[in-house]
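I opened this notebook to record what I looked up, entry by entry, in the model shown below. The topics are the DNA surface, the relation of the copies and the aromatic pairs.

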Number of protein chains: 2
Amino acid sequence: MTADCAIFGFSGDALRVLLVRRAVEPFKGVWLLPGGAMQPDETLEDTATHLLRNLVNVENVPIHQVATYSSPDRHPVRRVITTSYFALVSPEDHDPIAREYLDRVKWCPVEQLPELGFDHRLILHDAYEALKDELRQQPLAFHLLPDSFTLKEAQEVYESILGEELDRRNFRRKILAYDFLINTEQKKPGVKGGPELYRIDDAKLGQYLQ
Amino acid sequence: MTADCAIFGFSGDALRVLLVRRAVEPFKGVWLLPGGAMQPDETLEDTATHLLRNLVNVENVPIHQVATYSSPDRHPVRRVITTSYFALVSPEDHDPIAREYLDRVKWCPVEQLPELGFDHRLILHDAYEALKDELRQQPLAFHLLPDSFTLKEAQEVYESILGEELDRRNFRRKILAYDFLINTEQKKPGVKGGPELYRIDDAKLGQYLQ
DNA sequence: CCAAAAGTGTTTCGGATACACCCATGC
DNA sequence: GCATGGGTGTATCCGAAACACTTTTGG
């Protein structure tokens with residue numbers, strides 16, 4: 001029993017997902033989603049949370065269960081049932097660390113995926129769809145932004161995740177309708193137009209999540 | 001590793017869910033959702049499908065995965081991870097059969113649930129929410145109806161599942177917008193108003209499912 | 001005939017979309 | 001000063017919801 005995690009990150013340009021490369025057989029040299037075996041006294045959520053801590057060194061990032069995959073032949077050697085999760089983090093937080101049975105770790109743009117081992121292509125596809133569904137229903141991407149940010153930057157996060165362009169004015173109205181956005185009354189220097197900087201009221205944002 | 005299944009049935013009056021009562025310890029005499037252990041060469045979907053065949057003798061009923069529960073203490077004796085599914089069947093198809101470690105099986109109205117063992121109250125709650133979400137998005141309840149039926153009967157199925165009353169005219173327009181409903185040009189006798197009977201084009205209905 | 005239920009069409013509302021103008025800044 | 005981007009408001013569209021009248025049938 002394992003937990004596989006699609007760790008999505010936004011780095012300022014494109015949405016990326018963390019991939020690892022196995023250093024041991026089977027599937028040596030093949031790219032995979034990071035995964036870990038569930039330990040005797042932990043939940044699958046614990047397992048996924050440990051992955052996040054070990055690979056990208058983040059704590060308290062919400063994880064979302066997606067689905068469970070149980071085909072008997074999905075792993076060529078032994079029976080492995082896996083439950084998938086997704087999480088959203090900022091890649092800058094920490095460089096991913098290759099360790100144990102992995103020899104490489106990389107942030108891969110979701111539009112330029114290599115071949116993935118096992119059934120991880122399917123798992124990633126399902127996780128990405130779940131991420132988009134969630135983002136359309138609740139504002140779960142604001143922890144990717146710096147302490148203060150412009151609405152343009154927030155919009156770029158949304159567009160990168162959803163993979164589509166959004167109307168600037170409609171996006172603005174939609175997220176300003178929330179009350180967790182606080183106008184700092186300051187303008188971001190060095191940018192034409194002088195965009196206003198906003199920050200998040202964490203307590204109020206939390207009310208919209210989950 | 002087990003699969004637990006919330007088997008929902010519509011019997012003409014209210015939405016019901018199939019509950020079983022354990023005949024052995026632990027939790028002897030306690031009501032539960034039916035569940036089964038995954039066998040070595042089957043998927044969890046297979047396990048859930050076998051439950052449906054053994055308990056209510058139906059085949060080819062679509063099942064929907066809901067979530068996986070892995071808390072170490074959810075089962076008092078040993079570690080059991082379970083993946084939940086829901087399915088929609090017609091209770092008239094077959095009387096449920098008590099066998100093996102069960103001494104009773106019943107169709108229980110979802111509004112009058114007894115105490116459930118383990119964490120099955122939570123599992124059932126999640127499954128019911130998933131059922132409602134799915135029904136709002138796709139017409140997955142028409143196999144509960146007889147070969148020919150009135151729109152009123154179809155509406156009652158929807159209302160029982162969703163637990164809310166629907167506007168007759170809006171409901172009518174919404175489902176007539178689909179092209180899988182065929183007017184048989186016959187009227188149902190014995191009912192005031194002389195409602196028209198419809199039947200389903202299975203091939204076209206299938207296009208809207210999944 | 002009359003009560004009850006079925007068939008039909010219109011209005012309204014809210015959210016989402018599309019779109020145009022003015023203002024602020026960097027160069 | 002001018003090109004680029006930011007801030008603001010309005011018209012439109014679409015699906016959902018609310019709603020009233022006529023027709024058909026059983027009693």
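Before turning to the DNA, I note the cut-off I rely on: a residue is near a strand if one of its heavy atoms lies within 4 Å of it. I also keep in mind that this is a predicted model.

**Entry 1, DNA strand D.** I first looked up which parts of the strand face the protein, and found that 49% of the atoms of DNA strand D within 4 Å of the protein belong to sugar or phosphate, the rest belonging to bases. I then listed the residues around the strand, which number 19, and those that come nearest are R168(A), R169(A), R172(A), E196(A) and R169(B). Sorting this surface by class, I obtained 12 charged, 5 polar and 2 nonpolar residues.

**Entry 2, elements at the strand.** I asked which element gives the most to the surface near DNA strand D. It is α4(A), with 4 residues. Helix α4 (168-176) of chain A and α4 (168-176) of chain B each supply at least two residues of that surface.

**Entry 3, polar contacts.** I went through individual atom pairs and noted one for a base: a side-chain N or O atom of N170(B) is 3.1 Å from a base nitrogen of DNA strand D. For the backbone of the strand, I noted that K192(A) has a polar side-chain atom 3.3 Å from a sugar or linking oxygen, while a polar side-chain atom of K187(B) lies 3.4 Å from a phosphate oxygen.

**Entry 4, the two copies.** I superposed chain B on chain A, which takes a rotation of 180° with 0.0 Å of shift along its axis and leaves an RMSD of 0.1 Å. The two copies are thus related as by a two-fold rotation axis. The same surface serves both copies, since 100% of the contact residues of chain B recur in chain A.

**Entry 5, aromatic pairs.** Over all chains I count 18 aromatic pairs. I picked out Y178(A) and Y208(A), whose ring centres are 4.8 Å apart and whose planes stand at 75°, so the pair is edge-to-face. Because Y178(A) sits in the loop between α4 and β9 (181-187) of chain A and Y208(A) in helix α5 (residues 202-208), the pair ties together parts that are 30 residues apart in sequence. Y208(A) is partly exposed, at a relative accessible area of 30%. In chain B, I found Y178(B) and Y208(B) paired edge-to-face, with 4.8 Å centre to centre and 75° between the planes. Y208(B) is partly exposed, at 32%. Finally, I noted one aromatic cluster whose members include F142(A), F171(A), Y178(A) and Y208(A).

Definitions and conventions: Residues numbered from 1 in each chain as written. Chains lettered and ligands numbered in written order. Predicted model: local features only at pLDDT ≥ 70, side-chain atom pairs only at ≥ 80, totals over all residues. Heavy atoms only, no water. Least-squares fit on C-alpha atoms with pLDDT ≥ 70 in both. Contact = heavy atoms within 4.5 Å. Polar contact = N/O pair within 3.5 Å; in protein donor to acceptor, adjacent residues only side chain to side chain. Nonpolar A, V, L, I, M, F, W, Y, C, P; charged D, E, K, R; others polar. Phe/Tyr/Trp six-rings, centres within 6.5 Å; stacked < 30°, edge-to-face > 60°. Buried < 20%, exposed > 50% of the residue type's maximum accessible area, 1.4 Å probe, protein only.
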